[in-house]
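Here are some exercises to work through with a viewer open. Try each task on your own, then follow the solution step by step.

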Amino acid sequence: MITAIIIIFVIGYLFITLEHNINLNKTATALLTGVICWTLYALGSSDSHHIVEELSHHLANISEIAFFLLGAMTIVELVDAHQGFGVITERIHTKDSRALLWIISILTFFLSAVLDNLTTAIVMVSLLRKIIRDDEMRRFFAGIVIIAANAGGAWSPLGDVTTTMLWIGGQISAINVMKTLFIPSLIALIVPLIYLSFKLKGSIATPKVSKKSEVDDVTEKERNIMFGTGIGMLLFVPIFKTVTHLPPYMGILLALGVVWIVSEILHSKKDEEDRKPFTASHALSKIDTSSILFFMGILLAIGVLEVTHVLTDLAAWMNDTIGNLDAIVFIIGIASAVIDNVPLVAASMGMYDLATYPQDHRIWEFLAYCAGTGGSMLIIGSAAGVAVMGMERISFFWYLKRISLLALIGYVAGALVFLFV
């Protein structure tokens, strides 16, 4: 039975990795893999009641992540519907290539920590289209945005889904991970930027754009209110958890409720048709539900490996073979460039228990950094990379030739700072 489960999991994992080659959506593969693995486990066991209890336990943990992502994505969509991010992006005026690279990268780094790396990458690439005319130069900047978004997401409980998973799972606390990983994550971005400062020259040619507002029905006051409310409530979520000790998904649902009410009040005097683009219901229809289902499917599959003790056996083998925990986590980070970091982190959470490695243990902090920034080394290694790949039509080998080495240098530099400084 266990052999069959491992085979199904490996095949499913391979299909997920080769999603773009075989044209099979990874969400469908993940859901099938998760359900088939649990089915095999149920058919091979005589105690069905115990299996149902184990499944319910894992589903409860998975639901916390799903509800958190659902709330966060909806808030971001509501802010974006009101052109809220224009509050930041409209203030960028420089045409010097080096200055612009630093501004875009640092802005992406901090914005990713508040939102998430996927959303931030989408927002920043949309901005690049408004300020860089040359396609090749824009792709290069987009590649650096991927590095900045992943680095910025690694040190924040809101910035990267893997850091969020570790936070919700109790492996890390919000304040400690921000304090511990801020400098290593910043180094992972700063080192490539310093190198590029000696390579980039000249100015940026801007495209001709219309000055007309993209959404005429949104006033500047409404835009500013929604931006302030959305960002403020997202920042409030870690505070809410610290004060109340309730799970993070309760904080994000509270934040969503507040932002939802504010959006309703702002447009209360409009007729139903005019209000529709600014409602939470419309925002819910635009969020990436497929990503949430992917997380659920892959975490279900990981859950079977955990309850069958496959992961604990793998951890024991790695400890015996490699021995050094820092080296193991560093390798996991490199692997996240090829393999999706969500199942990698989920597997690691199952391999090492909280009884042996309590909250804020060094292994969890280093795992958050490595899994968050390691995916930048290949364009398929992170959600931000895949999104930018589609938006700017960046090929795998173009990114490998121009960006991967920069990401690797930054990853190693940040890891060394974490380990030895």
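**Exercise 1. A glutamate and its partners**

Is E136 buried, partly exposed or exposed? Then find its salt-bridge partners.

Solution. Before starting, note that this is a predicted model, where local features need pLDDT of at least 70 and side-chain atom pairs count only at pLDDT 80 or more, while totals for chains, interfaces and linings use all residues. Residues are numbered from 1 along each chain as its sequence is written, and side-chain values use heavy atoms, with hydrogens and water left out.

Step 1: Settle the exposure terms. Buried means under 20% relative accessible area, exposed means over 50%, and partly exposed lies in between, with a 1.4 Å probe and protein chains only. E136 has 33% relative accessibility, so E136 counts as partly exposed.

Step 2: Look for salt bridges, meaning a side-chain nitrogen of Lys or Arg within 4 Å of a carboxyl oxygen of Asp or Glu. E136 meets R139 in one, at 3.8 Å from N to O. R139 is partly exposed too, with a relative accessible area of 22%.

Step 3: Place this pair. Both E136 and R139 belong to helix 8 (residues 135-154), 3 residues apart, or about one turn of the helix. Helices here are DSSP runs (H or I, at least four residues), numbered from the N terminus.

Step 4: Turn to the other partner. E136 also forms a salt bridge with R402, with the closest N and O atoms 3.3 Å apart. Since E136 lies in helix 8 and R402 in helix 21 (residues 396-402), this pair ties together parts that are 266 residues apart in sequence. R402 is partly exposed at 33% relative accessibility.

**Exercise 2. A long-range lysine**

How many salt bridges are there by this rule, and which residue does K286 pair with?

Solution. Step 1: The count comes to 8 salt bridges.

Step 2: K286 pairs with E77, and their closest N and O atoms are 3.9 Å apart. This joins distant parts of the chain, as K286 is in helix 14 (residues 280-286) and E77 in helix 4 (residues 48-81), 209 residues apart.

Step 3: Check the surface. K286 has a relative accessible area of 45% and is partly exposed.

**Exercise 3. The two sides of a helix**

Which residues of helix 16 are buried, and which are exposed on the other side?

Solution. Step 1: Get the span. Helix 16 (residues 310-321) has 12 residues and reaches 16 Å from its first C-alpha to its last, close to the 16 Å expected at 1.5 Å a residue. The expected span is 1.5 Å times one less than the number of residues.

Step 2: Pick out the buried residues, which are V310, L311, A315 and M318. They cover an arc of only 135° around the axis, which puts them on the same side of helix 16. The arc is that of the directions from the helix axis to the C-beta atoms.

Step 3: Look at the other side, where D313, W317 and D320 are exposed.

Step 4: Find the packing partners of the buried residues: helix 1 (2-17), helix 15 (289-307), helix 17 (325-335) and helix 18 (341-351).

Step 5: Move just past helix 16, where G323 takes a positive phi of about 90°.

**Exercise 4. Ring geometry**

How many aromatic pairs does a search of the whole structure find? Classify F109 with F182, then F366 with F418.

Solution. Step 1: Rings of Phe, Tyr and Trp (its six-membered ring) pair if their centres lie within 6.5 Å; planes under 30 degrees apart count as stacked, over 60 as edge-to-face and the rest as tilted. The search finds 15 pairs.

Step 2: F109 and F182 have ring centres 6.0 Å apart and planes at 65°, so the pair is edge-to-face. F109 is in helix 6 (residues 97-114) and F182 in helix 10 (residues 174-197), 73 residues apart. F109 is buried at 0% relative accessibility, whereas F182 is partly exposed at 23%.

Step 3: F366 and F418 have centres 4.9 Å apart and planes at 5°, so this pair is stacked. F366 lies in helix 19 (residues 362-374) and F418 in helix 22 (residues 404-420). Both F366 and F418 are buried.

Step 4: Extend the picture: ring pairs link F330, F366, Y369, Y411 and F418 into a cluster.

Notes. Helices (H or I, at least four residues) and strands (E, at least two) are DSSP runs, numbered from the N terminus. Contact means heavy atoms within 4.5 Å.
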